[in-house]
Amino acid sequence: MPGLIPPITPAEFFQYLQRCIPPVGWSHKLAVANSGGPDSVALLFLLHATLKQRLSLTFPPERLPSGAPPAPLGIPRELLSIHVNHNLQDAATAMQSAASGLAQQLGIPSHTVKIPWGQDQFPPLNQVDEKVAREARYYALFSSMQRNKTNAIAFAHHADDQVETAIMRMSQGSSTRGLAAMRPVRRWGMGKKDNPSFSFGVDGMHTWLVRPLLHVSKDRLLATCEANKLDYVNDPTNFQPSLTLRNNIRRLLSNKEPTPVQEQQGDEAGVAIEPYVAHLRAMVPKVRHEDQLREAVRLYGIRLEEVETQVTNLISRARIHSPASTLILRSDVLAEATDEELRYAIVRRCLRYCSPGPWGDVWCEAGGDRGSLKRIARQIWFAKKVNREELEYNPKTGVREDPRKTFTAGAGVIAYPITYQIERDRVRFRSSREGDELEVEGWLFGRAPPHEKSVPPSWSEVVINATEGLQAALKAEQPRYTALFDNRFAIHFDITKTPKRIKQELTEYVGRIKIEPETRWVLPKVMLVGARSKNRLCIGQLVWEKDLWRWRESVHKPAKLQRWITMEFVRTLDAL
């Protein structure tokens with residue numbers, strides 16, 4: 001009976017919150033995406049109650065010395081409610097009132113963002129669909145977080161949302177990885193390759209999205225709202241199956257019959273969800289019927305965590321030190337990965353690390369396409385059997401022809417077969433010497449050259465003109481300006497240390513500063529193009545670590561006038 005469904009207590013919620021701590025720890029202030037619906041209303045209430053309870057238990061005011069700052073704490077100290085008003089439905093005003101009303105009632109600062117459709121990068125209303133609205137919402141939330149100086153935000157996605165996501169991905173042919181649905185914590189990321197208007201750049205790599213309610217059912221959130229007399233507004237579009245396939249799944253989870261295939265409308269019409277539902281139920285036949293779908297997706301999530309842990313451990317053991325933005329892995333360690341899903345996960349991690357696409361976009365992982373991942377895995381784990389005795393042998397070097405070939409892996413990444421000389425700590429682009437136990441084969445992954453017919457290929461798409469940004473920073477007397485090069489390197493300019501000559505070129509002579517690629521690894525180089533002389537002067541290079549100076553293209557010392565420029569590779573090999 002619905003009356004027997006227990007609400008969530010602050011003590012229980014605290015356990016859920018502990019499962020989604022960002023790797024960098026909690027920031028001082030945690031933002032909450034508050035739509036005014038029951039899920040986000042319950043989330044905001046539970047966060048407020050939990051933080052209030054934990055803070056009072058941990059730090060009784062009377063026990064703190066006068067004027068002493070509180071000790072570090074494993075939870076945020078402040079909350080910020082952010083509401084995005086799309087103004088796309090009649091209930092928009094009521095939802096905004098519910099969101100701001102609860103925040104005011106709890107004494108939580110709130111911020112409302114209205115999407116200015118038809119202005120700036122936002123399309124006009126007649127071009128807005130669910131995808132556009134979602135991307136605009138994320139952009140508005142991120143912008144509000146930046147203005148309010150917080151690097152983490154909580155979303156109210158719950159266990160029923162997990163089931164919806166898993167079934168949708170099953171209908172799209174997703175792998176086991178996709179069926180794990182949403183993660184409890186992840187980086188915000190840089191944005192989408194197909195939508196540069198909503199880009200988050202370097203800041204997206206230092207911003208976190210947490211979902212504490214992924215193990216909680218929708219009915220328990222409703223029970224929490226009812227038990228605490230919380231006002232909310234139901235989104236009237238949530239159960240209109242003609243809008244999206246996701247809404248049709250919601251009807252099923254609410255014990256309503258899904259709309260028949262022949263009656264469905266929209267881009268996702270014609271998708272029958274019953275076979276996918278049956279598959280999930282068959283995974284957990286002994287679980288209560290009403291809990292089967294949630295439990296099956298939860299198990300997929302556990303499996304994903306296990307695979308990701310294996311990937312992290314294996315890559316850490318296989319990795320060989322290499323130039324920034326490249327990745328070298330030993331084949332003898334990679335050979336330990338015999339499971340197909342594990343191999344695909346390794347490939348995805350390698351591609352995402354080296355790709356020039358926005359970090360977090362599935363494009364950087366070969367689109368998640370199983371066919372592409374299988375092709376790449378067959379090259380790396382070399383499924384083709386070769387009789388090495390038949391390969392051409394060079395008696396002077398003791399090396400046979402390498403049966404492995406350089407190949408384009410996709411996602412803007414190229415893979416080179418290499419040999420690692422263990423004792424000398426050197427990398428050679430050839431096969432290993434026969435009988436030499438101090439040489440092991442491996443693969444080097446790096447950024448691929450552009451897909452163009454010109455020889456040599458043009459790098460115009462990679463070049464960044466940082467002139468306007470620097471001029472604006474100088475005019476506004478900002479202390480720092482950062483440019484993102486090729487979605488891989490952050491180029492930081494310390495405006496307070498700008499050399500006099502460069503300041504003159506930018507403010508008096510209208511010179512230009514460009515960031516260009518150099519070496520086959522596509523590393524950044526900052527160039528000053530003088531307005532008067534037209535001379536080109538290198539004023540910034542990526543200085544290689546000392547133990548990599550033996551590489552042919554290595555840079556050993558900074559360029560002239562580089563004291564105000566630092567460079568940072570911003571992509572990560574971490575699972576999150």
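**Ring pairs, salt bridges and a helix crossing**

F122 is tucked away in this predicted model: with a relative accessible area of just 9%, F122 counts as buried. Its partner is Y139, and the two rings form an edge-to-face aromatic pair, with 6.0 Å from centre to centre and 75° between the planes. F122 sits in the loop between strand 3 (110-114) and helix 4 (130-147), while Y139 belongs to helix 4, so the pair ties together parts that are 17 residues apart in sequence. The two rings also have further company, since ring pairs link W117, F122, Y138, Y139, F142, F155, W188, F198 and F200 into a cluster. Across the structure, the count of aromatic pairs comes to 19.

Another of these pairs joins two tryptophans. The ring centres of W521 and W551 are 6.1 Å apart and the planes stand at 75°, which is over the 60 degrees needed, so this pair is edge-to-face. Here two loops are brought together: W521 is in the one between strand 20 (512-518) and strand 21 (523-529), and W551 is in the one between strand 22 (536-541) and strand 23 (565-569), with 30 residues separating the partners. W521 is buried, at 0% relative accessibility, and W551 is buried as well, at 10%.

Turning to charged side chains, the structure holds 28 salt bridges. One of them joins D160 and R294, with 2.5 Å from N to O. This bridge links distant parts of the chain, as D160 lies in helix 5 (residues 159-171) and R294 in helix 10 (residues 292-318), 134 residues apart. Both D160 and R294 are buried. What does S217 touch, once its neighbours within four places in sequence are left aside? The contacts of S217 are A159, D160 and R294, so both partners of the salt bridge are among them. S217 itself is found in the loop between strand 8 (208-210) and helix 7 (218-227), and its relative accessible area of 12% makes S217 buried, because the cut-off is 20%.

Helix 7 has a salt bridge of its own to show. R220 pairs with E12, the closest N and O atoms being 2.7 Å apart. E12 is in helix 1 (residues 10-18) and R220 in helix 7, so to speak a long way along the chain, at 208 residues apart. Are these two partners buried or partly exposed? E12 is partly exposed, at 21% relative accessible area, whereas R220 counts as buried, at 16%.

A further bridge runs between E441 and R404, where the closest N and O atoms are 3.7 Å apart. E441 lies in strand 16 (residues 439-447) and R404 in the loop between strand 12 (399-400) and strand 13 (407-410), so the pair ties together parts that are 37 residues apart in sequence. R404 is buried, with a relative accessible area of 8%. Salt bridges also join up into a network, made of R177, R183, E308, R348, R349 and E365.

R348 turns up again where two helices pack. Helix 12 (residues 340-354) and helix 13 (residues 370-380) have their axes 9 Å apart, at an angle of about 95°, and are therefore roughly perpendicular to each other. Helix 12 brings E340, E341, Y344, V347, R348 and L351 to the contact, and helix 13 brings R370, L373, K374, I376, A377 and I380. Of these residues, 7 are nonpolar and 5 are charged, with no polar ones.

Notes: Residues are numbered from 1 along each chain as its sequence is written. This is a predicted model: local features need pLDDT of at least 70, side-chain atom pairs count only at pLDDT 80 or more; totals for chains, interfaces and linings use all residues. Side-chain values use heavy atoms; hydrogens and water are left out. Helices (H or I, at least four residues) and strands (E, at least two) are DSSP runs, numbered from the N terminus. Buried means under 20% relative accessible area, exposed over 50%, partly exposed in between (1.4 Å probe, protein chains only). Contact means heavy atoms within 4.5 Å. Axes are lines fitted to C-alpha atoms, for helices over the stretch in contact, and angles run from 0 to 180 degrees between N-to-C directions. Angles under 35 degrees count as roughly parallel, over 145 as roughly antiparallel, 65 to 115 as roughly perpendicular and the rest as oblique. Ala, Val, Leu, Ile, Met, Phe, Trp, Tyr, Cys and Pro count as nonpolar, Asp, Glu, Lys and Arg as charged, and the others, Gly among them, as polar. A salt bridge is a side-chain nitrogen of Lys or Arg within 4 Å of a carboxyl oxygen of Asp or Glu. Rings of Phe, Tyr and Trp (its six-membered ring) pair if their centres lie within 6.5 Å; planes under 30 degrees apart count as stacked, over 60 as edge-to-face and the rest as tilted.
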